[in-house]
Amino acid sequence: SVLQMLRVPLEQHNITLCRAGRSTVYPADFQLLLATNPCPCGNFGSKDKICLCSMRSVEQYWKKFSGPLLDRIDIRIPVESVTASNHISLNVNETAISSAQLRIGIARAIRAQKTRQGKYNSHLYPEEVNLYCGLSAECSQFLEKAAFDQGLSARAVSSCKKLARTIADIEGHGDIEFKDLQEAVEYRKNE
């Protein structure tokens with residue numbers, strides 16, 4: 001029930017508390033970060049560990065996260081357990097980005113968003129998304145296909161557009177480029 005109660009403040013950026021016949025509205029503009037295991041034992045889908053959970057227990061585990069709540073999670077990143085071999089390969093194959101580099105891109109994005117629409121992309125109303133997060137024909141086709149293939153809701157499609165706009169802002173792109181949208185859709189996958 002606590003998880004379900006997060007839906008309203010996530011969307012409205014405030015929370016109303018009612019006590020003793022009085023109600024008070026408090027600001028609740030926050031960024032929600034969730035971490036969860038794939039199953040009760042945490043080994044489901046692991047390449048080097050065995051999951052002992054039944055399919056029923058895995059289903060029950062995931063039922064505590066309702067569809068409407070999961071639909072409000074814009075970025076989903078699966079994290080595998082770290083072993084010595086994949087830790088070494090990660091260090092060799094990945095290009096590290098410093099905090100200073102990240103700060104520059106984030107500051108660029110904030111400036112662009114404040115200049116363009118006076119608020120963050122995440123705070124855009126549904127009717128503003130198409131205005132500020134316009135897509136080329138190629139991008140629209142790609143998003144339409146991704147929405148069909150992955151069964152994305154209208155809210156998820158809107159989130160992909162806002163996330164692509166944010167990625168473009170970080171990169172300093174004036175328009176949403178195809179690779180920006182691809183990255184946004186990749187973050188939205190249910191894996």
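Two aromatic rings of Phe, Tyr or Trp, with the six-membered ring used for Trp, count as a pair if their centres lie within 6.5 Å. By that rule, Tyr61, Trp62 and Phe65 form one aromatic cluster. Keep in mind that this is a predicted model. Overall, we're looking at a protein with 10 helices and two strands, and helix α9 and the aromatic cluster get a section each below.

**Overall layout**

- Going along the sequence, the order of elements is α-α-β-β-α-α-α-α-α-α-α-α.
- The C-alpha trace covers about 55 × 50 × 35 Å along its principal axes.
- If you take the contacts between residues at least 6 apart in sequence, 56% of them link residues at least 24 apart.

**Surface and charge**

- The protein has 191 residues, and 27% of them count as buried.
- About 13,400 Å² of the protein is exposed, with 56% of that coming from carbon and sulfur atoms.
- On the charge side, there are 24 positive and 21 negative charges, and the mean positions of the two sets sit 8 Å apart.

**Helix α9**

- Helix α9 runs over residues 154–171, which makes 18 residues.
- Its end C-alpha atoms are 26 Å apart, and that agrees with the 26 Å it should span at 1.5 Å a residue.
- Most of α9 is covered, as 13 of its 18 residues are buried.
- Right after α9 comes Gly172, which has a positive phi, near 85°.

**The aromatic cluster**

- Searching the whole structure turns up three aromatic pairs.
- One of them is Tyr61 with Trp62, an edge-to-face pair with 6.0 Å from centre to centre and 85° between the planes.
- Trp62 also pairs with Phe65: here the ring centres are 5.2 Å apart and the planes meet at 45°, so this pair is tilted.
- The label follows from the cut-offs, because planes under 30 degrees apart count as stacked, over 60 as edge-to-face and the rest as tilted.
- Trp62 therefore takes part in both the edge-to-face pair with Tyr61 and the tilted pair with Phe65.
- As for cover, Tyr61 is buried, at a relative accessible area of 16%.
- Phe65 is buried too, with a relative accessible area of 12%.
- Trp62, on the other hand, is partly exposed, with a relative accessible area of 33%.
- The cut-off for buried is under 20% relative accessible area, and over 50% counts as exposed, so the 33% of Trp62 puts that residue in the partly exposed class.

Note on methods. Residues numbered from 1 in each chain as written. Predicted model: local features only at pLDDT ≥ 70, side-chain atom pairs only at ≥ 80, totals over all residues. Heavy atoms only, no water. Helix = DSSP H or I, 4+ residues; strand = E, 2+ residues; numbered from the N terminus. Buried < 20%, exposed > 50% of the residue type's maximum accessible area, 1.4 Å probe, protein only. Contact = heavy atoms within 4.5 Å. Areas by Shrake-Rupley, 256 points an atom, 1.4 Å probe, with all protein chains shown as cover. Lys, Arg positive; Asp, Glu negative; His and termini not counted. Charge placed at Lys NZ, Arg CZ, Asp CG, Glu CD. Expected span 1.5 Å × (residues − 1).
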